[in-house]
Amino acid sequence: FVVLACKAFAQVDISPKFEGQNPGAFSQWISENIRYPQDALENGLEGRVTVSFTISVKGTVKDIKILRGVSPSMDAEAVRLISASPQWLPGVKNGVPTEVTYTIPVVFSNIDGSMEPAKFNGGNLKQFAHWVMSKIRLPKQVAKDKIGGLMKVSFTSGFMIRSR
């Protein structure tokens with residue numbers, strides 16, 4: 001993942017600073033926190049999502065907009081990522097904090113092919129969802145009372161190591 005450069009749209013005496021650090025710190029933070037969408041990996045999608053956002057006078061990120069998208073999931077990930085940005089030091093003009101709007105490209109790239117879609121017993125995400133649905137056993141009271149709704153579940157796969 002790469003962020004090429006931030007382009008600011010305000011003339012200020014002091015530019016906003018991401019967590020008080022140098023300009024490269026935001027690019028590094030994006031690289032460490034971005035999540036390549038599963039469907040984009042499965043479909044071999046890559047591309048550049050152009051995002052606009054404003055650093056407020058309090059140093060928070062606001063007004064996030066997709067100026068040029070790639071796919072719904074990649075666009076949503078770019079918005080999620082920018083929304084999750086830690087505090088900035090605001091820009092300053094004439095000694096007063098001021099809002100500064102940036103435009104950045106968030107690049108999704110799997111050039112080396114090192115990222116692969118998650119597999120479930122050799123299958124894909126759709127097969128995993130089918131397997132999960134086949135294993136759900138609802139209490140009889142749910143059917144009797146005609147209870148319905150949507151349940152969202154998330155998890156991270158990994159390994160557990162136990163020491164003896």
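This is a short dialogue on how to read some features of a predicted model.

User: Where should I begin, and how many helices and strands does the chain have?

Analyst: It helps to list the elements before looking at any single residue. In this predicted model, the secondary structure comes to 5 helices and 8 strands, and read along the sequence these follow the pattern β-β-α-α-β-β-α-β-β-β-β-α-α.

User: How do strand 3 and strand 4 run relative to each other, parallel or antiparallel?

Analyst: For a pair of strands, one looks at the bridges and at the direction of each strand. Strand 3, residues 47–55, and strand 4, residues 61–68, run antiparallel and are joined by 5 bridges. As one example of the register, Thr54 stands opposite Lys62 in strand 4. The hairpin of these strands has 5 residues between them, and there Gly59 takes a positive phi near 90°.

User: Which residues of helix 3 are buried, and why do they lie on the same side of the helix?

Analyst: Begin with the helix itself: helix 3 covers residues 72–83, and its 12 residues reach 16 Å from the first C-alpha to the last, close to the expected 16 Å. Its buried residues are Met74, Asp75, Glu77, Ala78, Leu81 and Ile82. They lie on the same side of helix 3 because they cover an arc of only 160° around the axis.

User: What do the buried residues of helix 3 pack against?

Analyst: They pack against helix 1, helix 2, strand 3, strand 4 and strand 8. Helix 1 can be read in the same manner: its buried residues are Ala25, Phe26, Ser27, Trp29 and Ile30, and these pack against strand 2, strand 3, helix 3, strand 5 and strand 8.

User: Why does Gln38 count as partly exposed?

Analyst: Such a label rests on cut-offs, since buried means under 20% relative accessible area and exposed means over 50%. Gln38, which lies in helix 2, has 23% relative accessibility and therefore counts as partly exposed. Although Gln38 and Met74 are 36 residues apart along the chain, their C-alpha atoms are separated by 9.6 Å.

User: How much of the whole chain is buried, and what share of its contacts join residues at least 24 apart?

Analyst: Buried residues make up 30% of the 164 residues. Among contacts between residues at least 6 apart in sequence, 77% join residues at least 24 apart. As for the surface, the chain exposes about 11,600 Å², of which carbon and sulfur atoms supply 55%.

How values were computed
Residues are numbered from 1 along each chain as its sequence is written. This is a predicted model: local features need pLDDT of at least 70, side-chain atom pairs count only at pLDDT 80 or more; totals for chains, interfaces and linings use all residues. Side-chain values use heavy atoms; hydrogens and water are left out. Two strands pair if DSSP finds at least two bridges between them. Helices (H or I, at least four residues) and strands (E, at least two) are DSSP runs, numbered from the N terminus. The expected span of a helix is 1.5 Å times one less than its number of residues. Buried means under 20% relative accessible area, exposed over 50%, partly exposed in between (1.4 Å probe, protein chains only). The arc is that of the directions from the helix axis to the C-beta atoms. Contact means heavy atoms within 4.5 Å. Accessible areas come from the Shrake-Rupley method with a 1.4 Å probe; for residues, only the protein chains shown count as cover.
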